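I opened this one to look at its cores, one helix pair and a couple of odd backbone angles. My notes follow the order in which I looked things up.

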Amino acid sequence: MFLNMNDIINIINILNKIPEPFSVDGIIKTFETNSKNFIKSFAIYFYKDNTNESRLWYVSKNKSVINGKENNKEYTLFARGNKFGYIILNTKKNKNEISILINYLSILLYSEKLSFLANRDKLTGLYNRGYIIKYLEEKEISNEIYSIVIIDLDKFKHYNDTYGHNVGDHVLKLVSKIMKETLKKLEYKSVLARYGGEEFIIVFDINNRNDLFNAMEKIRQSILETDFSTDEYSLKATASLGGSIKEKNTTLRAFINKADQSLYNAKETGRNKSVILDF
């Protein structure tokens, strides 16, 4: 039985609808969900930078492809003149029938890789300042009510000066991980970014003060309860948080400035606290 071209077109249309910010894994999982009728199993391998050495990135829930089944077919992941990996499929469909879909998947994966490099902070893996400002500017057009929180690690210079920049980097990476894990447990949509240095920013789809404050406190508490110790040093960390709710007819600059002032108040009145100032 031949693969219907409409099946390929439908999957391409679905992949096109994945909203930003999306991830490599998000693209792959969408591909898996919508191709399972004719692809039994698959594994994706990416080449390490500037080498021909590959590593397994993702294997489908059905792992028959990695057991050397008869119907395995291999396709190169190729885009913009670059071979960046390959995909092995366990399918009875003809190789030529699926090549169009794999070529399109390659373009999406490669574009996301470039987007990741341009919009992510290298140390923490979070979105960077440039991305979050662009994201806020796009939300500005919608004129909706939402919130931001600016987080500053308390006395962070102490870690670099006393223990060295490697320990400082360790704290930044771990606090990023803790915040991501905490945000996943909250019911609100959020985008987390490194704002610069030891500062982070979260954009929340929250439109009232109580919910915003409660979310801020969960983040602050999760940082407070985390053990940041290394093999050499016993470490703890705290953070101060300033929040602001974006209301209609408020400029983006004024909105961010309100969060900054709230953060300043948190730090000036003792640190390790969440503040949303009334204006």
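These entries go from the cores to the helix pair and then to two loop residues.

**Entry 1: the model.** I kept in mind throughout that this is a predicted model.

**Entry 2: the largest core.** I started with the largest nonpolar core, which has 33 residues. Which of its members touch the most others? I found F200 and F204 in that position. I then listed the elements that give two or more residues to this core: strands β5 (146–153), β7 (199–204) and β8 (239–246), plus helices α6 (165–185) and α7 (209–224). The most comes from α6, which puts in 8 residues. In general, nonpolar side chains in soluble globular proteins tend to be buried together.

**Entry 3: around F204.** Next I pulled up the contacts of F204, leaving out residues up to four places away in sequence. I noted Y146, S147 and V149, then L183, L186, Y188, K189 and S190, and finally L212, A215 and I219. I see that the list is not purely nonpolar, since K189 is charged and S147 and S190 are polar.

**Entry 4: a second core.** I also found a separate core, this one of 27 residues. Among its members are I8, F38, I39 and L89.

**Entry 5: α2 against α3.** How do the axes of α2 (residues 24–35) and α3 (residues 95–119) cross? I got an angle of roughly 160 degrees, with the axes coming within 9 Å. The cut-off for roughly antiparallel is over 145 degrees, so α2 runs roughly antiparallel to α3. I logged the crossing as right-handed.

Then I went through the side of each helix that takes part. From α2 I have V24, I27, I28 and F31, and these meet L101, I102, L105, L108, L109 and E112 of α3. Sorted by type, the contact residues come out as 9 nonpolar, no polar and 1 charged. The charged one is E112.

**Entry 6: K155.** I turned to the backbone and stopped at K155, where phi is near 50 degrees, a positive value in a residue other than glycine. I placed K155 in the loop between β5 and α5 (157–163). Is K155 buried or exposed? Its relative accessibility is 57%, and exposed means over 50%, so K155 counts as exposed.

**Entry 7: R271.** I found another non-glycine residue with positive phi at R271, near 65 degrees. R271 sits in the loop between α8 (252–268) and β9 (274–275). With 34% relative accessibility, R271 falls between the 20% and 50% cut-offs, so I put it down as partly exposed.

Methods:
Residues numbered from 1 in each chain as written. Predicted model: local features only at pLDDT ≥ 70, side-chain atom pairs only at ≥ 80, totals over all residues. Heavy atoms only, no water. Core = buried A, V, L, I, M, F, W, Y, C linked by side-chain atoms within 4.5 Å. Buried < 20%, exposed > 50% of the residue type's maximum accessible area, 1.4 Å probe, protein only. Helix = DSSP H or I, 4+ residues; strand = E, 2+ residues; numbered from the N terminus. Contact = heavy atoms within 4.5 Å. Axes fitted to C-alpha atoms, helices over the stretch in contact; angles between N-to-C directions. Parallel < 35°, antiparallel > 145°, perpendicular 65-115°, else oblique. Left-handed = near helix turned anticlockwise from the far one by under 90°.
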